[in-house]
Amino acid sequence: MALTDYQQLSLTRRDNGVLLITLNRPEKYNAADEGMHAELANIWKDVAADPETRVAVITGAGKAFSAGGDLAMVERMAGDYGRVSHMLDEMSDLVYNMINCDKPIVSAINGVAVGAGAVAALLADVAIIAEDAKIGDGHVKLGVAAGDHAAIIWPLLAGTAKAKYYLMTGEMIDGIEAERIGMVAKALPREEVLDEALRVADVLATGAQQAIRLTKRALNNWLRNAGPIFDQSAAYEMLTFLGPDVVEGYTALREKRTPQFPSAR
């Protein structure tokens with residue numbers, strides 16, 4: 001795709017080669033449907049190939065960064081082998097395209113970030129979060145294994161003990177706690193988050209480009225080494241989309257009640 005072809009990501013060029021990417025479904029709290037998920041997977045290849053971009057900043061329109069996967073998309077996926085297989089490929093593209101993008105990525109986490117939103121938020125090279133924002137991976141509460149990005153990055157950021165706790169319980173973390181345990185670089189008042197992310201982007205965009213990019217490439221070998229862990233977790237997530245628990249999970253979400261998973265009866 002060309003950078004002009006994106007529909008659910010709003011792209012704004014700023015000084016010094018900084019590209020601001022805004023998740024732009026504010027009426028849905030930037031929840032990712034099939035279209036947005038595909039765009040999130042593809043944008044990082046286009047950022048890497050774009051000669052005018054030195055640094056990308058990603059944020060959300062409105063009150064949220066991203067409320068994760070659109071519930072209607074989750075319902076369409078459940079039990080559908082073709083959709084699940086496609087999502088496995090696209091999920092891998094999203095994670096590996098972010099890891100392999102040679103240009104720095106900064107996330108301005110201005111509100112809640114879960115699911116695909118948490119992928120973009122936490123796989124960014126520098127993550128800056130609002131103190132009152134909530135971030136988490138709620139896959140187990142939906143009845144599916146924690147896939148996406150969680151197994152590849154959470155243990156590196158917060159350690160295995162914290163990663164196991166939050167990924168196996170599905171509890172959310174506020175911005176202050178996320179900074180305390182090492183999930184993000186900085187936690188700031190909400191109104192300062194985007195300005196600080198753009199300031200950091202300008203620092204990176206006006207620095208020694210090869211030195212910065214090669215530093216990122218070397219550091220991301222930690223993530224590449226964990227690639228098999230991600231691949232397994234992604235496959236497990238998609239496997240559980242074919243089971244009965246996810247049906248109860250999305251039904252309970254829609255009905256705003258506590259799920260009664262078949263596997264726990």
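Is Tyr-29 buried, partly exposed or exposed, and at what relative accessibility? Tyr-29 counts as partly exposed, at 46%; buried means under 20% relative accessible area, exposed over 50%, and partly exposed in between (1.4 Å probe, protein chains only). The views below come from a predicted model, in which local features need pLDDT of at least 70, side-chain atom pairs count only at pLDDT 80 or more, and totals for chains, interfaces and linings use all residues. Residues are numbered from 1 along each chain as its sequence is written, and side-chain values use heavy atoms, with hydrogens and water left out.

**View A. Two loop residues, Tyr-29 and Asp-148, have positive phi values.** Tyr-29 lies in the loop between β2 and α1, and its phi is near 55°, although the residue is not a glycine. Helices (H or I, at least four residues) and strands (E, at least two) are DSSP runs, numbered from the N terminus. Asp-148 is placed in the loop between α5 and α6 (150-158). Its phi is about 45°, again in a residue other than glycine. Asp-148 is buried, with a relative accessible area of 8%.

**View B. An open sheet of six strands has mixed pairing.** The strand order is β1-β2-β3-β4-β6-β9; two strands pair if DSSP finds at least two bridges between them. β1 (9-13) and β9 (186-188) are the edge strands, each pairing on one side only. On average, neighbouring strands of the sheet are turned by 20° against each other, direction ignored. Axes are lines fitted to C-alpha atoms, for helices over the stretch in contact, and angles run from 0 to 180 degrees between N-to-C directions. β1 and β2 (residues 18-23) run antiparallel and are joined by five bridges. Within this pair, Arg-13 stands opposite Leu-19 in β2. Helix α1 packs on the sheet and touches β1, β2, β3 and β4 (105-109); its direction makes about 175° with that of β2. Contact here means heavy atoms within 4.5 Å.

**View C. Thr-53 is a buried loop residue, with a relative accessible area of 1%.** The loop that holds Thr-53 lies between α1 (34-49) and β3 (55-60). Its side chain makes a polar contact of 2.5 Å with the side chain of Asp-50, and one of 3.4 Å joins it to the side chain of Arg-13. A polar contact is a pair of N or O atoms within 3.5 Å; within protein, one must be able to donate a hydrogen and the other to accept it, and residues adjacent in sequence count only if both atoms are side-chain atoms. Not counting residues up to four places away in sequence, Thr-53 touches Arg-13, Gly-17, Leu-19, Val-47, Lys-103 and Arg-213.

**View D. Helix α3 spans residues 81-100.** The helix has 20 residues and reaches 28 Å from its first C-alpha to its last, close to the 28 Å expected (1.5 Å times one less than its number of residues). At its N-terminal end, Asp-80 acts as a cap, with a side-chain oxygen 3.1 Å from the backbone nitrogen of Gly-82. The buried residues of α3 include Val-84, Met-87, Glu-90 and Asn-97.

**View E. Phe-241 is among the residues with the most contacts inside the largest nonpolar core.** This core has 84 residues; a nonpolar core is a set of buried Ala, Val, Leu, Ile, Met, Phe, Trp, Tyr and Cys residues joined through side-chain atoms within 4.5 Å. Leaving aside neighbours within four places in sequence, Phe-241 is in contact with residues including Val-74, Met-77, Val-84 and Leu-142.
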